[in-house]
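Colleague: I am new to this structure and would like to learn how to read the way its helices pack. Could you take me through it step by step?

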Amino acid sequence: KIMKFIYKILFTVCFVGLMGCGESFEEINQDPNNPTSVPTSFILSSAQRDLVREFLGVDTDAPHANWAMQYVQYWSSTLYTETSRYQDIKDDWAEVYFDGLNDLEEIIRINSDEELKSDAAQYGSNNNQIAIAKILQVWGFHNVTDIWGDIPFSQALKGSDGFSPVYDRQEDVYHGLIDMLEEAATLISEGGAGPDGDLIFSGDMEKWRLFANSLKLRMGMRISKVDPTTAEMWVSEAVADGVISDTDENVYFPYLLSSPNYNPWYFEVYVDGGTFTLACTNTFIDALNAYNDPRLPQFAAPSQQDGVFLGIPFGVESGVASQYDNREVSFQSPEVYDSPGRIMTYSEVLLLQAEAAQRGWISGDPETLYEAGILANMEEWGLNLADVDTDAYLNQASVSYDPANFEELIGNQLWFALYLQPLESWAQWRRLGYPDLQPAPAAIQNRDIPRRRGYPADEATLNRINYEAAVAIQGPDLLETRIWWDAE
């Protein structure tokens, strides 16, 4: 009897232990360092960081800003000048689609799934998370289509369900992006919780609403030459709904002095061994000097040798560029290394409104808006206007507003105002034709300034049918082929 009693006790203990193990088995076997699900706040931060890196940063994996800074002749290499001479035709969009845009699509999916949305809501209201994801997707796709033209859009981001997406016509992409912005606007709840992980606006949904409308303004002005009727409608609607109206509402990504949010220009110069070899060009420095522009010391540093601002010749052979000692020419200013990621600014919004007002699409005085845009950009670059003779600057013949010459005046000032936003600057140059940039003197095969980039090399093999269809419609897959809104 004693032995039977002992066996019963042992059986009970083992049974309870096994039951306890079964109840906690799943928890015990979950590796806390490798979670099976990721909070949407982390996904949002990652998506913002990746898109900013792709379109505003510079390194070997995200070179878009690198070549764009050279296409619009802000900077040129002191060693290897192939980019400024337009050597490379093709460019890759893989990381834009697979990282930033795909992460944003995941945020939309999670917050739309009935089984997942309640858990996701602990990081901000579902609708506000979806709204921000859509607005950022618009910014991302807008950059992609302005680089390549016709792109995968309606069938993009489908994962295994869409390995071979069709290329949508750029006109259709633009209309689809406007629909996304308008849908995002209906989802925004300023009374609802703003998303955690928002590195740009810390969940301030009013600022996201203003950014969405300002993007609509930008996109409306972009199609001013090919579809002025639609452009006027989008622009007037955006301004009526409210756009960025103060420098405090600028869309900035806050760089830090540590990975992964470091300023990419600072990293390339000081952290990664001083390998950054892009100096300011003579085109840029000479223009700023000709304008007596007070932003020159904010944009560039004086040469180490004699303390003057001197640009390196743009688009010359590497052998010519390498003859210049780095101490002889102007590199980037400390303000460049301290700058946030400039996604959209009040100064750009004012200059676009000046053009819209001149075209009669919105109310307001074009000259007043134009001058306010110039002064706002000076402030955005840290100048105290009390220390600047603003009247002398604005009254120069090269600056003073003239309705008969508004495209050149606004185009030149957008070139200055969009410094460190090279993809946007390149787009505005293609649209307006100003400033009057000349092709690289040593351009490879006598190429002109590029109007687009070639599709990724693997598209011709992995997505051949859709790639060939796009090329047949849009034109040869070359740098000089103009995209839809880039009218002759």
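Modeller: Let us begin with a pair of helices, keeping in mind that this is a predicted model. The axes of helix 6, residues 126-148, and helix 8, residues 205-222, come within 11 Å and cross at roughly 25 degrees.

Colleague: How should I read that angle, and are helix 6 and helix 8 roughly parallel or roughly antiparallel?

Modeller: Angles under 35 degrees count as roughly parallel and those over 145 as roughly antiparallel. Helix 6 and helix 8 are therefore roughly parallel to each other, and helix 6 passes helix 8 in a left-handed crossing. On the side of helix 6 the contact is made by Asn128, Ile132, Ile135, Leu136, Val138, Trp139, His142 and Asp146, while helix 8 contributes Met205, Trp208, Phe211, Ala212, Leu215, Arg218, Met219 and Arg222. Sorted by class, this contact has eleven nonpolar, two polar and three charged residues.

Colleague: At what angle do helix 7 and helix 8 cross?

Modeller: The axes of helix 7, residues 170-187, and helix 8 come within 10 Å and cross at roughly 160 degrees. With the cut-off for roughly antiparallel being over 145, that angle makes helix 7 roughly antiparallel to helix 8. The crossing of helix 7 and helix 8 is left-handed.

Colleague: Which residues of helix 7 and helix 8 meet?

Modeller: Tyr174, Leu177, Ile178, Leu181 and Glu182 of helix 7 meet Ala212, Leu215, Lys216, Met219 and Arg222 of helix 8. By class, seven of the residues in this contact are nonpolar, none is polar and three are charged.

Colleague: Moving to a single position, is glycine 100 buried or exposed?

Modeller: A residue counts as buried when its relative accessible area is under 20%. Glycine 100, which lies in helix 4, residues 94-112, has a relative accessible area of 1% and is therefore buried. Leaving aside residues up to four places away in sequence, glycine 100 touches Ala47, Asp50, Leu51 and Glu95. The C-alpha atoms of glycine 100 and alanine 133 are separated by 9.9 Å, although the two residues are 33 residues apart along the chain.

Colleague: How many helices and strands are there in the protein?

Modeller: The protein has 21 helices and six strands, and buried residues make up 54% of its 488 residues. Among contacts with a separation of 6 or more, 74% are between residues 24 or more positions apart. The accessible surface of the protein comes to about 21400 Å², of which 51% belongs to carbon and sulfur atoms.

Definitions and conventions. Residues are numbered from 1 along each chain as its sequence is written. This is a predicted model: local features need pLDDT of at least 70, side-chain atom pairs count only at pLDDT 80 or more; totals for chains, interfaces and linings use all residues. Side-chain values use heavy atoms; hydrogens and water are left out. Axes are lines fitted to C-alpha atoms, for helices over the stretch in contact, and angles run from 0 to 180 degrees between N-to-C directions. Helices (H or I, at least four residues) and strands (E, at least two) are DSSP runs, numbered from the N terminus. Angles under 35 degrees count as roughly parallel, over 145 as roughly antiparallel, 65 to 115 as roughly perpendicular and the rest as oblique. A crossing is left-handed if the near helix is turned anticlockwise from the far one by less than a right angle, and right-handed if clockwise. Contact means heavy atoms within 4.5 Å. Ala, Val, Leu, Ile, Met, Phe, Trp, Tyr, Cys and Pro count as nonpolar, Asp, Glu, Lys and Arg as charged, and the others, Gly among them, as polar. Buried means under 20% relative accessible area, exposed over 50%, partly exposed in between (1.4 Å probe, protein chains only). Accessible areas come from the Shrake-Rupley method with a 1.4 Å probe; for residues, only the protein chains shown count as cover.
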